[in-house]
Amino acid sequence: RLDDLSVSGHEGVEPALAQIYQGLNQYQRRVFDVIGHLDAPELDAELVAAVLPTTLADAESVLAELVDEGLLEVAGSPGERWQPHEIVRVFACQVAPAEDRQAVVERAVAFHLKRVRDLLQVLAAPAARLDHPRLAARARAQLERERAAGSALVDQAVRHGLDLAGALVDDLVALLLRTVTGLIGCAESEAYEQAPFSRTVRLLV
């Protein structure tokens, strides 16, 4: 554990993290590498499961193990979101294999694109606006988190010179613009109308 090691200020932090990293098993290391690839202030198990890819249960289990190692902290409700310390994020960015970054970021963009679509559909449903105001409020809060995360991913792709699939980026940017301008209404296409979002509703209730 990081807090079991002798660390004074920032001195010795990188060797301490390197020692912990070397002691991780292959599954823990794969999840830790995702932290570096995404360089995000927080992440959730669904995102980790989507980008590896692995099962949601396995992602949750390994994230909990990284908390036990002192590499992550729980954010919000237990099992909802996890945050790495800023120093841990910097270290993760350094050690994450560069050759895997393209695939991980591209899967993350696709994941955020689907989640934003699902949230917009939830908000477009009359029942969400009229019968369940708390549901709508939580959906808007989640939508803001997805907007921030999606914007950061697009910025990161540009910063690292990643050649992401153009359609993915274009779709994500278009959806993010909808959230910023408040154009939350009925979906224009059959793709929106048919997108599955029952899990999104369950997560928000």
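This report describes the fold, the nonpolar cores, the aromatic pairs and selected local features of a predicted model.

## Overall architecture

The protein has 205 residues, of which 40% count as buried. Its secondary structure comprises eleven helices and two strands. In sequence order, the elements follow the pattern α-α-α-α-β-β-α-α-α-α-α-α-α.

Among contacts between residues at least 6 apart in sequence, 69% join residues at least 24 apart. The protein exposes about 10800 Å², and carbon and sulfur atoms supply 54% of this area.

## Nonpolar cores

In soluble globular proteins, nonpolar side chains tend to be buried together. The largest nonpolar core of this model contains 35 residues, and the members that touch the most others are Phe 32, Leu 38, Leu 63 and Leu 71. Two or more residues of this core come from each of the elements α1, α2, α3, α4, α5, α6 and α8, the last of these spanning residues 133-159. Apart from this core lies another, made up of nine residues that include Val 116, Leu 120, Ala 139 and Leu 143.

The surroundings of Leu 71 can be described residue by residue. When neighbours within four places in sequence are set aside, Leu 71 is in contact with Leu 17, Ile 20, Leu 24, Phe 32, Leu 66, Pro 84, His 85 and Val 88. Phe 32, one of these partners, also belongs to the aromatic cluster described next.

## Aromatic cluster

A pair of aromatic rings is described by the distance of the centres and the angle of the planes. Three aromatic pairs are found in the whole structure. In one of them, the ring centres of Tyr 21 and Phe 32 are 5.5 Å apart and the planes meet at 50 degrees, so the pair is tilted. This pair links distant parts of the chain, since Tyr 21 belongs to helix α1 (residues 13-23) and Phe 32 to helix α2 (residues 26-38), with their positions eleven residues apart in the numbering. Tyr 21 and Phe 32 are both buried.

Phe 32 also pairs with Phe 91; this pair is tilted as well, with 6.2 Å from centre to centre and 50 degrees between the planes. Here the link runs from Phe 32 in helix α2 to Phe 91 in helix α5 (residues 86-95), 59 residues apart. Like Phe 32, Phe 91 is buried. Ring pairs thus link Tyr 21, Phe 32 and Phe 91 into a cluster. Tyr 21 has a further partner: the charged end of Arg 29 sits over its ring, 4.6 Å from the centre.

## A buried acidic residue

Asp 118 is located in helix α6, which covers residues 98-124. Its relative accessible area is 3%, so Asp 118 counts as buried, the cut-off being under 20%. The side chain of Asp 118 is joined to that of Lys 114 by a polar contact of 2.8 Å.

## Backbone features in loops

Two loops contain backbone features that merit mention. Leu 52 and Pro 53 are joined by a cis peptide bond, with omega at about -15 degrees. Pro 53 is placed in the loop between α3 (45-51) and α4 (56-68).

Asp 39 has a positive phi of about 50 degrees although it is not a glycine. Asp 39 lies in the loop between α2 and α3. With a relative accessible area of 25%, Asp 39 is partly exposed.

Note on methods: Residues numbered from 1 in each chain as written. Predicted model: local features only at pLDDT ≥ 70, side-chain atom pairs only at ≥ 80, totals over all residues. Heavy atoms only, no water. Helix = DSSP H or I, 4+ residues; strand = E, 2+ residues; numbered from the N terminus. Buried < 20%, exposed > 50% of the residue type's maximum accessible area, 1.4 Å probe, protein only. Polar contact = N/O pair within 3.5 Å; in protein donor to acceptor, adjacent residues only side chain to side chain. Phe/Tyr/Trp six-rings, centres within 6.5 Å; stacked < 30°, edge-to-face > 60°. Lys NZ or Arg CZ within 6 Å of the ring centre and 35° of its normal. Core = buried A, V, L, I, M, F, W, Y, C linked by side-chain atoms within 4.5 Å. Contact = heavy atoms within 4.5 Å. Areas by Shrake-Rupley, 256 points an atom, 1.4 Å probe, with all protein chains shown as cover.
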